[in-house]
Amino acid sequence: MTHGQTPLDREQLIQLGFLEARSRTLDVAAFLDRVQRARPGPDGPADPLQDDRVQAILQALRVAIDGQPDRARRMLDLWSDASGEPAPHADGKAARGIPRQA
Amino acid sequence: MYIDPHVHMVSRTTDDYARMAVAGCVAITEPAFWAGFDRGSPEGFHDYFRQLTESEPRRAAAYGIRHHAWICINPKESEDHAFAREVMGLIPQFLERPNVLGIGEIGLNRNSRTELAVFEEHLELAARFDTLVLVHTPHLEDKRKGTRLILDAIRNQGRLRPDRVLIDHVEEHTVRPVLDAGFWAGMTLYPDTKCTAARAVDIIEMHGTERLWINSAGDWGHSDPLAVPKAAAVMRARGHAVDAVRRITLENPRTFLGQSPRFSDAPLRPTAPDLGR
């Protein structure tokens, strides 16, 4: 197998993965609906779509439909801390999923 | 037959050992890690290192599984540099234990200066005692930056051969720099973070099977100690030959870990009375 190639053909891969991908795509849509119909939290923006985590999902969806390859890598890059130097101190133990806005 | 080269069995039940044995697990390696709360004293780590080197090998052996360990203070508990140094002072005595393969899982968590300094001191220990090294890369948004800092630190140290270092928890955005630098790369199969089985198989298809393994990193959080055999099934469903599955799940871990004379996946007779339950 040459790197980048798959043993299965496109039709076989779609057959194998379509229902799971359909379900996960629907989950993303339902998550956005759920967030939009909820009342705002005390510190969050009034517009639910302005939350930086929700914005990160919406930006990633643009990557998903841009027709270019390497979508998974590019989404992970989009959600990565772009700074280069070590942090002065550990900001808690848990990562958040996307970088905090400066 | 398979090897799970990264699983935290101190956090798992005996039933998990039984299930892993039935699924074909013949050997595991267990890196020292953060057990979900901060230990308050070096003595707490001493007890944990004894658990990894005395108790867990016995639990595993009952199910015919060879148990090996890695020793360190993990980055989540190394922000207090003086405390970390006290714990690191305990490490050399445990490197002599018969199931210890090396230093791990060291690395970075939030990419802080102190974490990096403690990581560099662990690298010095590994070089001094000529051990294998297992490296944890950070989670989520911190992974790409942390992986770069880790690769730079190992390069700058200059005394560790890349083929004796495994960089774990790689994903699509970090696997290439790790392999290109000559290191081994581990993919961790988690339900929500790190890699799913399907994405791990994608990475194998994109980057090949050389110097790559998969592990469950099963622990006290949302994780699955049977993730490796389940991923093997996904790999087969995706059309990969039995030989390729065997390379990823057995031969590659055996090749890397076998650089330590203490590693073995030779058959071990299980003695647990509940195996046929």
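Where in chain B is B:Asn111 found? Select this residue to begin: B:Asn111 is found in the loop between β4 and α5 of chain B. The model is a predicted one, and the tour proceeds from this loop through chain B, then to the contact between the chains and to chain A.

**Stop 1: the loop after β4**

With B:Asn111 selected, display its backbone torsions. Its phi is positive, about 65 degrees, although the residue is not a glycine. B:Asn111 has 27 C-beta neighbours inside 10 Å, and because the cut-off for burial is 20 or more, the residue counts as buried.

Next, step back to B:Glu105, which is found in strand β4 (residues 100–107) of chain B. Centre the view on the peptide bond that joins B:Gly104 and B:Glu105: this bond is cis, with omega about -10 degrees.

**Stop 2: helices α3 and α5 of chain B**

Select helix α3 (residues 81–88) of chain B together with α5(B). Their axes come within 10 Å and cross at roughly 20 degrees. Angles under 35 degrees count as roughly parallel, so α3(B) is described as roughly parallel to α5(B). The crossing in which α3(B) passes α5(B) is right-handed.

To see the contact itself, show side chains on both helices. From α3(B) the participants are B:His81, B:Ala84 and B:Met88, while α5(B) provides B:Thr114, B:Ala117, B:Val118, B:Glu121 and B:Leu125. Coloured by class, this contact has five nonpolar, two polar and one charged residues.

**Stop 3: the loop between β7 and α8**

Move now to B:Tyr190, whose place is in the loop between β7 (184–188) and α8 of chain B. Is B:Tyr190 buried or exposed? With 20 C-beta neighbours inside 10 Å, B:Tyr190 counts as buried.

Select its partners as well. Neighbours within four places in sequence aside, B:Tyr190 is in contact with B:Cys195, B:Ala217 and B:Ser223. A distance label from B:Tyr190 to B:Asn215, drawn C-alpha to C-alpha, should read 9.3 Å, for a pair that is 25 residues apart in sequence.

**Stop 4: the loop between α8 and β8**

B:Arg211 is the next selection, and it is found in the loop between α8 and β8 of chain B. Its phi is near 55 degrees, a positive value in a residue other than glycine. B:Arg211 has 20 C-beta neighbours inside 10 Å and therefore counts as buried.

**Stop 5: helix α9 of chain B**

Select helix α9 (residues 227–237) of chain B and highlight B:Ala227, B:Val228, B:Ala231, B:Ala232 and B:Met235, which are buried. Turn the view to look down the axis of α9(B): the buried residues fall within an arc of 140 degrees, so they line one face of the helix.

Which elements does this face meet? The buried residues of α9(B) pack against β1 (2–4), α8, β8 (212–215) and α10 (242–257) of chain B. Following α9(B) is B:Gly239, with a positive phi near 95 degrees.

**Stop 6: a residue of helix α1**

For a contrasting view, select B:Val22 in helix α1 (residues 14–22) of chain B. B:Val22 is partly exposed, having 13 other C-beta atoms within 10 Å. A label drawn from B:Val22 to B:Asn156, C-alpha to C-alpha, spans 44 Å, and these two residues are 134 apart in sequence.

**Stop 7: the contact between the chains**

Display both chains and select the residues that meet across them. Chain B gives 30 residues to the contact and chain A gives 27 residues. On the chain B side, α5 (113–129), α6 (143–157) and α8 (197–207) each supply at least two residues. The residues of this side divide into six nonpolar, nine polar and 15 charged.

**Stop 8: helices α2 and α3 of chain A**

Finish in chain A by selecting helix α2 (residues 52–64) and helix α3 (residues 71–78), which pack at an angle of about 155 degrees with their axes 9 Å apart. Angles over 145 degrees count as roughly antiparallel, and α2(A) and α3(A) are therefore described in that way. Their crossing is right-handed.

Show the side chains at this contact: A:Gln59, A:Ala60, A:Val63 and A:Ala64 belong to α2(A), and A:Arg71, A:Arg74, A:Met75 and A:Leu78 belong to α3(A). By class, the residues of the contact divide into five nonpolar, one polar and two charged.

Conventions
Residues numbered from 1 in each chain as written. Chains lettered and ligands numbered in written order. Predicted model: local features only at pLDDT ≥ 70, side-chain atom pairs only at ≥ 80, totals over all residues. Contact = placed C-beta atoms within 7 Å. Helix = DSSP H or I, 4+ residues; strand = E, 2+ residues; numbered from the N terminus. Nonpolar A, V, L, I, M, F, W, Y, C, P; charged D, E, K, R; others polar. Axes fitted to C-alpha atoms, helices over the stretch in contact; angles between N-to-C directions. Parallel < 35°, antiparallel > 145°, perpendicular 65-115°, else oblique. Left-handed = near helix turned anticlockwise from the far one by under 90°. Buried ≥ 20, exposed ≤ 12 C-beta atoms within 10 Å, placed from the backbone. Arc of directions from axis to C-beta.
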